[in-house]
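Student: Could you take me through one part of this structure closely, please? I'd like to start with a single residue and its surroundings, and then see how other parts are described.

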Amino acid sequence: MRCLRHALRSTPSPDWWRRVLLLAPCHRHAQSPTPGAVFTSDMISEATIERIVELLKLTNSEINCWQEWLIFSDVFYFLMKSGCIDFVDFVEKLVLRLQEDEQHILKTNHVTWLLAQIIRVELVMNALNLDSRKVETTRKIVSFHKDEKSSDPNSPQSILLDFISSCQNLRIWSLNTSTREYLNNEQLQKGKQIDEWWRQVSKGEQMMDYMNLDDRSIGMFWVVSYTMAQPACETVMNWLTSAGFTELLTGPNVQSTERIMMMLEVVPLPISLLSGFSINLCMKLALQMEDSMFSGQVPSIAMVETYCRLLLISPHSLFRSHLSHLRQRNQATLTKPGNTILVFEILNYRLLPLYRYQGKSKALMYDVTKMISVLKGKRGDHRIFRLGENLCMNLILSMRDFFFVKREGKGPTDFTETLNRITVTTLAIIIKTRGIAEFEHLLHLQTMLEQILATSQHSWSEKTLRYFPSILRDALSGRMDKRSGQLDKRTLAIQAWQQVETTVINQCTQLLSPSADPSYVVTYINHSFPLHRQYLCAGAWILMHGHSENINSVNLGRVLREVSPEEVTSNIYTMVDVMLHHIHLELQRGHPLQDLMVKTVSNLSFFIWTHELLPLDILLLALIDRDDDPHALRIVVSLLDSKELQQKVKVYLLSRGPPENWAQTGPFKRSELQKALGNHLSWKERYPTFFDDIAARLLPVIPLIIYRFIENDAMDAADRVLQIYASFLHYYPLNFTFVRDILAYFYGHLPGKLILRILNVLGKKVPFSDPFLQHINSTNATMCPPLDYFGTLLLGLVNHVIPSLNSSSRTAQTGDVSSSFARAPPTKPHLSSQPGSTNSLEGQKPFYQIQDPGTYTQLVLETAIIEILSFPVSPSQIVSSLVQIVLHIQPTLVQSSNGLHGSPNSIGQSSVLPTSPSGGSTDSLGSTRIAPSVPGLNASVFACRTGYTCQQLSCLLIQACGLLLAQLPPEFHVQLYLEAARVIKESWWLTEGKRSFGELESAVRYALLDPTWAAQDNTSTTIGNVVALLHAFFSNLPQEWLEGAHLIIKHLRPVTSVAVLRISFRIMGPLLPRLANAHPLFSKTLSLLLNILVDVFGRSTQPPAPVEASEIADIIDFLHHVIHYEGQGGPVQASSRPRAEVLALCGRAAESLRPDVQHLFSHLKADSNASVYAAAHPKPVQTPS
């Protein structure tokens, strides 16, 4: 329930909900259950009712939480439509819950409004029409109606809530005649006011002006959306087409005579108006807009933008996978190039983060790559191909988890050469910054690389490979050594060029000389070999001799437009190879490098700017992929510095409005096709652009350029590009992910100045804390921040990221002051106000405001990650600070609370040897040492800023710390293992050597209990807290990074006591079941634990005090269990059998154990069929005295 409550507040994606929900019994029928689903209909209903009560309390306390109601209604609609809530049962439970409340919290019509949103869902209509309890259910629904009394009666929300009872009565009246007698006649009569208002505003020929509606008119139109959705839908569509149409002119190179009409521009509907529409109207609008947009006429940008805003407002209820959705509606829709272009533009420039939030990026990537794989060899279709390729670039770069490059998993990829290269780079970023979550992905990595590189000759430079994660670097290095035969890629490329150079130059002379016969173009295209055509641009480069007038640009442009997109890509890569080789030859002949660079950039300008013959984004990618050549990146810098490109970007920024496109209130200006895309892409095209632009195509490319500059230690170049294009990168839909990943990827290698420049990419919309901003900009930035900073950081995670322990949210304290466990609102982070947004509670924002990373929970967590990665201090200092807080958090909180949660002189305040009866002998009562509070940490305001007790808060801060550390790069993990081992080894009651075995054993057993138990009586221990931190850390680590956990045991060795043996098993034990499907890592971990068992109970070991084997019977039982668990691949069954190789491992370890301990392994036979799973053992053999 804690998880469900958290989900309803933090709104994870529908994909998450689908994986965990069980259908309600009344909707289940014969459908097979979803694997992994854990939440029943009763649980969902209970959590949903709790959320409704929570929001009602907030509403009654005069907090404006309308935005939270809107977000919740979207999720509620999705849950109801999915069939995981039994509507009749839900209404009954809701009535009972509201009747139980002594405060009579139902004072407004929010519940009526919420039910009005879902009343047209088929399952709900069936319940109100066909269910035997329909009359009783209707009476209960009507009982929720209230006379709306608002402090602001003229606000749109108040007007909607005032009329919503009438809307619902009218709807129920039309559904079923048998329930009409229970309806409120007064509310039915009130419906006439709605009709009258609608008649007044829709009579005559005057169009409703949506941009100049007063608050009352907005509220009344929202009301109409619930009662007359179809007329309201038609009115909106009439507005969007009100400017009329014009005929789309045919360009000089377009042969089609088809007449195409284009809508003239109006203003798109503002998001503040759309957000109040009923979900039913939004669904009707979305379908009708799709019909209009893909009907053959060119829609206005206003219609397309309004359509996108609808999908962003209601990501749960309105999402559709566009390619499959449009095909299902009409198979012919995507056979028209204009429609495919429009869909690709919508996906690439508006809905990319939405697909990632929905978990549909991979499916979309597979679909788009399949489409462009057909186009890449097709002559002339450059525009749609390059747009699809750019969309795939963005999709690949948006991935945050390991992904397969083919849906079927077999054969070479459908990717282009460019996409193959970007995929390897993305894999490197994912593996290095986020790890590989599942073991089977590790197994598939080598196969996947072979799929990617099956058709590619590319290899990465040593400078790039040194930053790749080792697992990827090793896989690529082996392949490259085998392929190249010790020859580098530059040598191989030039050898290939030299073999065809003579033929290519002869053909280019005939084709590209200023006086060349135009008819030769057709001959060249139809009869030249593909091998030679891929060197056309290289040949042109050689023939230029630095003078572009030597080249017939008309013939060259025509050939490049007529050949396939794949051949143009090959031309770019080969031209770059030949160009760099040519520079080296000229340098050998004594030409100054500066002159050669000027000439090179001038020649490239001929291709890119003067005649617009080649796509700039692919050329830049080709150049940075040749970073093995010292001149390639210098050329990139020169191109990015060019006035032509900066002017293109400037025009783009001026024409596009604010980066938050959903906030733009004015009309959109459509760019001219040729100016937006250039000659190469627009030559035969007629269909206009919407959001596409040459400049916009560079948004995914510039971040890759920054990566390559840093890999080559060109920090000044990276700094300059970020400075020039900072405003431009605000439009990059994944700029938050870019900043987080680049800081993690190059952690420890970035100068402070460059880090600040990278942070500027985010603008001012990220909730960085004040202490962070002050510290990072101070002269003492190289000093570790104070503990107060880290404490506040963890507190933010407790408030916004860690699921609440209580049914009340952190803001419910305002609505229910009697709740001593409610979390109070935290200090408000610094977020700039967003145009078009409503005033909402801090902690939940609509999806469209936080599209990257997607949820407010993720925003808070990843902002904390960015802050820590930005400090120019060592990981050991940061980890040490966090661990110090965790170790002493409970005594610090208790001492700072001044006795609010217990007497400060209580014997239970010790955080060393426990003082409860569980703590061992009575001697321990008089020998405790009071744990100091953390110096430098002001915890006096912690509890009051969360509403938790000190005991609760100390446990949640440990969870938050473990979660945070697990998101950081492995450099931090190493330091955590070192610090944890140091803390354990230096614990005074393990080092002083005066304790008896029994006392120490009892103390260790108590210390290793779940710290939530110890927290209840304020007896948490240093070791208990550090072990709890490690467990919280491990539970959030990807499986690939778990192998690093062995380091902590290596630092604890040699283990000489049962106490440290128990601590080691308590640390590592919970990992073993999780590794049941990762046999190599399971075996390594098991072997490590068996080795420390031998350390203590080996044949030749002399323990400080004699210990009976029976003292560790529970440890042996645990080993028996996990060995059979791993053999089963899950919970142990009667038929479970361990793996033979695991038994062999245990057998080898047992040979080194004392006979009495060895006897405890006797059930684990070498024959897996004879190996018994048993919790009881034969009586151990007595060791001879």
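Tutor: Happy to! Leaving aside its neighbours within four places in sequence, I279 is in contact with S73, D74, Y77, Q117 and S317. Please keep in mind from the start that we are looking at a predicted model. Where does I279 sit? Its place is in helix α15, which covers residues 279-293. Is I279 buried or exposed? With a relative accessible area of 3%, I279 is buried, because buried means under 20%. There is also a spacing to look at: I279 and S225 are 54 residues apart along the chain, yet their C-alpha atoms are separated by 8.8 Å.

Now let's step back to the whole chain. Of its 1185 residues, 60% count as buried, and its secondary structure comes to 61 helices and two strands. Among the contacts with a separation of 6 or more, 78% are between residues 24 or more positions apart.

T425 makes a nice companion to I279. You will find T425 in helix α22, residues 417-433. T425 is buried too, at a relative accessible area of 10%. Apart from neighbours within four places in sequence, its contacts are W460, L704 and R708.

What about a whole helix? In α41, which runs over residues 735-745, 11 of the 11 residues are buried, so this helix is mostly covered. The buried residues include F736, F738, V739, I742 and L743, and also R740 and D741.

Next come pairs of helices. Two packed helices are described by the angle between their axes and the distance between the axes. Let's use that on α4 (residues 41-60) and α6 (residues 87-100): their axes come within 10 Å and cross at roughly 45°. The two helices are therefore oblique to each other, and their crossing is right-handed. From α4, the contact is made by D42, S45, T48, I49, I52, V53 and L56, and from α6 by D89, F90, K93, L94, R97 and L98. Sorted by class, that contact has seven nonpolar, two polar and four charged residues.

Now try a second pair, α56 (residues 1058-1068) and α59 (residues 1113-1128). How do their axes cross? The axes come within 11 Å and cross at roughly 25°. That makes α56 and α59 roughly parallel to each other, because angles under 35 degrees count as roughly parallel. This crossing is left-handed. On the α56 side the residues are L1061, R1062 and F1065, and they meet D1114, I1115, F1118 and L1119 of α59. The residues of this contact divide into five nonpolar, no polar and two charged.

Let's follow the chain back a little from α56. P1054 is found in the loop between α55 (1046-1052) and α56, and the peptide bond from R1053 to P1054 is cis, with omega near 0°. There is another cis bond to look at, from D852 to P853, with omega near 20°. P853 has its place in the loop between α45 (812-815) and α46 (856-870).

Loops also hold two backbone angles for you to check. T11 is not a glycine, but it has a positive phi of about 45°. T11 lies in the loop between α1 (2-10) and α2 (14-20), and at 10% relative accessibility T11 counts as buried. E612, also a residue other than glycine, has a positive phi near 50°. You will find E612 in the loop between α32 (593-610) and α33 (616-624), and E612 is buried with a relative accessible area of 13%.

One last topic is cysteine. How many disulfides does the structure hold? The count is zero. Two cysteines are still worth finding: C167 is buried at a relative accessible area of 3%, and C961 is buried at 0%.

To practise, go back to where we began: find I279 in α15, and then look for its contacts S73, D74, Y77, Q117 and S317.

How values were computed. Residues numbered from 1 in each chain as written. Predicted model: local features only at pLDDT ≥ 70, side-chain atom pairs only at ≥ 80, totals over all residues. Heavy atoms only, no water. Disulfide = S-S within 2.5 Å. Buried < 20%, exposed > 50% of the residue type's maximum accessible area, 1.4 Å probe, protein only. Axes fitted to C-alpha atoms, helices over the stretch in contact; angles between N-to-C directions. Helix = DSSP H or I, 4+ residues; strand = E, 2+ residues; numbered from the N terminus. Parallel < 35°, antiparallel > 145°, perpendicular 65-115°, else oblique. Left-handed = near helix turned anticlockwise from the far one by under 90°. Contact = heavy atoms within 4.5 Å. Nonpolar A, V, L, I, M, F, W, Y, C, P; charged D, E, K, R; others polar.
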